[in-house]
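Student: I am new to this structure. Please take me closely through one part of it, the site where the metals and their neighbouring ligand sit.

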Amino acid sequence: MQRLAPALREDNVPLDLISLIKTILAATKEISFRVSQAHLGGLMGSTLDENIQGEVQKKLDVVANELFKDILLESGFVKAISSEEEDTSVAGEPKGKFIVSFDPLDGSSNIDINSLIGTIFSIHESRPELAADDPDQFKQAGHKQVCAGYVLYGPSTMLVMTTGQGTHFYVLDRTHGGYLLVQRNVQIPQDTQEFAINMSNQRFWQQPMQNYINDLVAGDTGPRGKNFNMRWIAAMVGDIHRVLTRGGIFTYPADNKNPNKPYKLRLMYEANPMSFLVEQAGGLAMTSQGRIMEIDPSDIHQRVEVIMGSKNEVTKCLSYYQ
Ligand code: AHG
Ligand code: MN
Ligand code: MN
């Protein structure tokens, strides 16, 4: 099995980007270790703080954020970072060529039940005309990402990453301490009989999503004429990993549960990087109005509707909105 850096050189990834990726992965190896030791190291449970989005921070959210932030800001490659757990963007090296957005721990509600969690990251080139402390650095659409990925702290610690030349799977090999390429050019099956949505919000969805899900649940006696299975891991990293591995549709649609918060998932460090991975694997990543990666961001914590996965199923779902 091929090691990470030679695999990236084979894809002609520039050396400075490879160095940044290795820096990010150094942080994930440390987070992977801390996650595995969380019970023993007193890192279970919540802090007394909330992040800017009003969510209670888990101890591991904070630890993972500090690890990621420190290693990136000290690397010399990074002009600024933005994170789910930081109120605003944080300036780094003024001449840094890249900016990084990240969700240090995705699936926080799974921490205390020893279930699936991960780290999501998204890399853009920095804008030389803007200062490092200018949050407008981050107002770049998803299609301008130069790299995106996530690390899943599951039974294996897995890296799933794209630099725009396909989506590849890597596994952390603890015997030599690095990531090994296990699957190149992952392809999402175009058709599926599996969907992922938090069904408990059903009564709050817009009518098109209600109609679509009703037709899936109706199974082989309904208009789709086939049975569908449902899965919900409550960690986007886990649900998208399943979609990349065996197909499926994943959605967190608009809902009116809280009128001030019609969407749940965050554009910069959840929807955009996952969209890049899904599209590079032959899937679609959409809102009901268009392609996620075309959205011009207005805020580093903005939220967005997400409908992504197997191409034909996402297209089918979107047809209910027309
Ligand atoms: P985070 O733990 O980083 O706040 O993200 C959780 C997100 C996402 O990973 C997951 O798909 C979704 O929230 C789960 O939402 P529900 O709580 O509605 O299941
Ligand atoms: Mn998240
Ligand atoms: Mn998170």
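Tutor: Here is a walk through that site, metals first and ligand second. This is a predicted model, in which local features need pLDDT of at least 70, side-chain atom pairs count only at pLDDT 80 or more, and totals for chains, interfaces and linings use all residues. Residues are numbered from 1 along each chain as its sequence is written, chains are lettered from A and ligands numbered from 1 in the order written, and side-chain values use heavy atoms, with hydrogens and water left out.

Start with the manganese ion (ligand 2). Its donors are D103 (OD), D106 (OD) and E270 (OE), at 1.9 to 2.1 Å. Donors here are N, O and S atoms within 2.8 Å of the metal (3.2 Å for Na, K and Ca); water is not among the atoms, so sites may look incomplete. Along the sequence, these donor residues follow the spacing D-x2-D-x163-E.

Now take the manganese ion (ligand 3). Its protein donors are E84 (OE), D103 (OD) and L105 (O), lying 2.1 to 2.2 Å from the ion. Their spacing along the chain reads E-x18-D-x1-L.

D103 appears in both sets. It coordinates both manganese ions, which are 3.7 Å apart. D103 counts as buried because its relative accessibility is 0%. D106 counts as buried too, because its value is 5%. L105 is also buried. Buried means under 20% relative accessible area, exposed over 50%, and partly exposed in between (1.4 Å probe, protein chains only).

Next comes ligand 1. It is surrounded by 17 residues, and the closest are D106, G107, S108, M236 and Y252. A residue is near a molecule if one of its heavy atoms lies within 4 Å of it. Strands β5 (98-106), β13 (249-252) and β14 (265-266) each supply at least two residues of this shell. β5 gives the most, with three residues. Strands (E, at least two residues) are DSSP runs, numbered from the N terminus.

Look at the oxygen atoms of ligand 1. One is 3.0 Å from an N or O atom in the side chain of D103. A backbone N or O atom of G107 lies 2.9 Å from an oxygen atom of ligand 1. For M236, a polar backbone atom is 2.8 Å from a ligand oxygen. The protein covers 86% of the 470 Å² of accessible area that ligand 1 has on its own. Such areas come from the Shrake-Rupley method with a 1.4 Å probe.

So D103 links the two parts of this tour: it coordinates both manganese ions, and its side chain lies 3.0 Å from an oxygen atom of ligand 1.

Technical notes. Polar contact = N/O pair within 3.5 Å; in protein donor to acceptor, adjacent residues only side chain to side chain. Helix = DSSP H or I, 4+ residues; strand = E, 2+ residues; numbered from the N terminus.
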